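Please examine the structure shown below with its sequence at hand. The explanation that follows begins with the strands and then turns to charged and aromatic side chains.

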Amino acid sequence: MSDWLGPFLDYLRVEKGASEHTLRSYAGDLSQFFGFCAREGLGRDLAGVDHLTARRFLGHLVARSYARRSMARKLATLRSFFRFVCREGGLPEHPLASVSGPKLGRRLPGFLHVEEVAALLDAPDPSHPLGLRDAALLETLYAAGLRVGELVGLDLGSVSLDEGFLIAYGKGRKERLVPVGSYALRALARYLREARPSMVAGRPERALFVNSRGTRLRDRSVRRILDKYLDQTARSRKVSPHTLRHSFATHLLDAGADLRSVQELLGHVSISTTQIYAHVTQERMRAVYRRAHPRA
């Protein structure tokens with residue numbers, strides 16, 4: 001089985017443009033499944049895997065209290081892997097074609113209110129180069145509704161301060177042009193003028209956002225930066241970098257933006273993915289109605 005892992009990850013990287021985060025996730029899911037198969041006595045034989053194997057694997061996950069979404073993701077990984085193996089001639093037919101995943105409820109994304117976002121974005125200390133970088137980073141993350149992978153993938157040439165746009169590369173390396181607001185543009189200009197030159201110290205570095213060593217910032221570093229400022233602004237509930245993307249979409253719709261425009265800004269392939277944010281705004285309207293109407 002593991003002989004197919006490298007070619008499969010290469011396929012995802014080259015043909016699908018998968019991010020390093022996605023590749024690590026797929027590799028972890030498959031390694032877990034291979035280990036399960038070994039314990040089941042299947043060894044390295046792909047031909048021994050069938051729909052019953054997958055169902056026993058799901059049962060194994062249930063017994064270990066995995067969340068339904070985690071189980072669904074792992075099953076999707078297996079389906080992609082075996083589809084690739086079949087395409088390359090490793091198996092005559094897909095062994096998991098008849099396996100159904102766990103039913104998932106529709107989960108509304110969490111978001112911050114406008115005042116909460118403002119407090120978070122005002123938290124970095126502009127008297128320090130890292131504070132200027134963090135201010136520009138958070139402002140850009142919220143202003144453009146970026147995924148973290150898109151943010152850390154930005155290069156110096158990705159942003160036009162004069163035009164007020166940036167080029168982001170989303171899932172599958174799909175390129176999109178995203179407008180950037182005036183607050184983020186000012187923060188970026190100051191970071192590029194006053195902080196980044198001393199951080200890279202003359203070294204040739206393409207990355208827009210760099211760490212204290214002058215090299216490209218990574219996903220986990222953005223998580224730590226966000227946690228730092230959440231602590232300062234006394235936010236106790238769970239917030240991730242993706243929460244700013246949810247907040248971006250929710251605030252636009254609350255202010256009257258149409259769903260199709262928000263879809264384009266987020267880089268969603270299907271508008272059904274974007275419609276979840278319409279449910280968020282509807283839930284907020286219902287909550288306001290219940291609180292405010294005397295006969296609600």
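Which residue in β3 is the bridge partner of Tyr-169? In this predicted model, the partner of Tyr-169 is Glu-175. Tyr-169 belongs to strand β2, which covers residues 165-169 and runs antiparallel to β3, with five bridges joining the two. Another residue of β2, Phe-165, stands opposite Pro-179 in β3. Between β2 and β3 lie five residues, and the two strands form a hairpin. In the turn of this hairpin, Gly-172 has a positive phi of about 70°.

The hairpin is part of an open sheet of three strands, arranged in the order β1-β2-β3 with antiparallel pairing. Strands β1 (159-160) and β3 stand at the edges with a single partner strand each, so one side of each is left without a neighbour in the sheet. Strands of a sheet pair through backbone hydrogen bonds, in either a parallel or an antiparallel manner.

The side chains of β3 can be considered next. In a regular strand, side chains alternate between the two faces of the sheet. Strand β3, residues 175-179, shows such an alternation. Arg-176 and Val-178 point to one face and are buried, whereas Glu-175, Leu-177 and Pro-179 point to the other face and are not buried. Glu-175, the bridge partner of Tyr-169, and Pro-179, which faces Phe-165, thus both belong to the group that is not buried.

Attention now passes to charged side chains. Side chains of opposite charge can pair when their charged atoms come close. The whole structure contains 15 salt bridges. One of them joins Asp-29 to Lys-74, with the closest N and O atoms 3.0 Å apart. Asp-29 lies in helix α2 (residues 20-39) and Lys-74 in helix α4 (residues 68-87), so this pair ties together parts that are 45 residues apart in sequence. Asp-29 and Lys-74 are both buried. A further salt bridge links the side chains of Arg-147 and Glu-150 at 2.4 Å, N to O, and both of these residues are buried as well.

The salt bridge between Glu-20 and Arg-13 has its closest N and O atoms 3.9 Å apart. Are these two residues buried or partly exposed? Glu-20 counts as partly exposed because its relative accessibility is 47%. Arg-13 also counts as partly exposed, at 37% relative accessibility. Together with Asp-10, Arg-13 and Glu-20 are linked in a network of salt bridges.

The aromatic side chains complete the picture. The structure holds twelve aromatic pairs. Phe-8 and Phe-81 form an edge-to-face pair, with 5.4 Å from centre to centre and 85° between the planes. Phe-8 lies in helix α1 (residues 5-14) and Phe-81 in helix α4, so the pair ties together parts that are 73 residues apart in sequence. Both Phe-8 and Phe-81 are buried. The rings of Phe-81 and Phe-82 have their centres 5.2 Å apart and their planes at 75°, so this pair is edge-to-face too. Phe-81 has a relative accessible area of 0%, and Phe-82 likewise counts as buried, at 0% relative accessibility. Phe-8, Phe-81 and Phe-82 are members of one aromatic cluster, which also includes Trp-4, Tyr-11 and Tyr-26.

An aromatic ring can also be examined alongside a charged side chain. Arg-186 lies over the face of Tyr-183, at 4.9 Å from the ring centre.

Methods
Residues are numbered from 1 along each chain as its sequence is written. This is a predicted model: local features need pLDDT of at least 70, side-chain atom pairs count only at pLDDT 80 or more; totals for chains, interfaces and linings use all residues. Side-chain values use heavy atoms; hydrogens and water are left out. Buried means under 20% relative accessible area, exposed over 50%, partly exposed in between (1.4 Å probe, protein chains only). Helices (H or I, at least four residues) and strands (E, at least two) are DSSP runs, numbered from the N terminus. Two strands pair if DSSP finds at least two bridges between them. A salt bridge is a side-chain nitrogen of Lys or Arg within 4 Å of a carboxyl oxygen of Asp or Glu. Rings of Phe, Tyr and Trp (its six-membered ring) pair if their centres lie within 6.5 Å; planes under 30 degrees apart count as stacked, over 60 as edge-to-face and the rest as tilted. A charge sits over a ring if NZ of Lys or CZ of Arg is within 6 Å of the ring centre and within 35 degrees of the ring normal.
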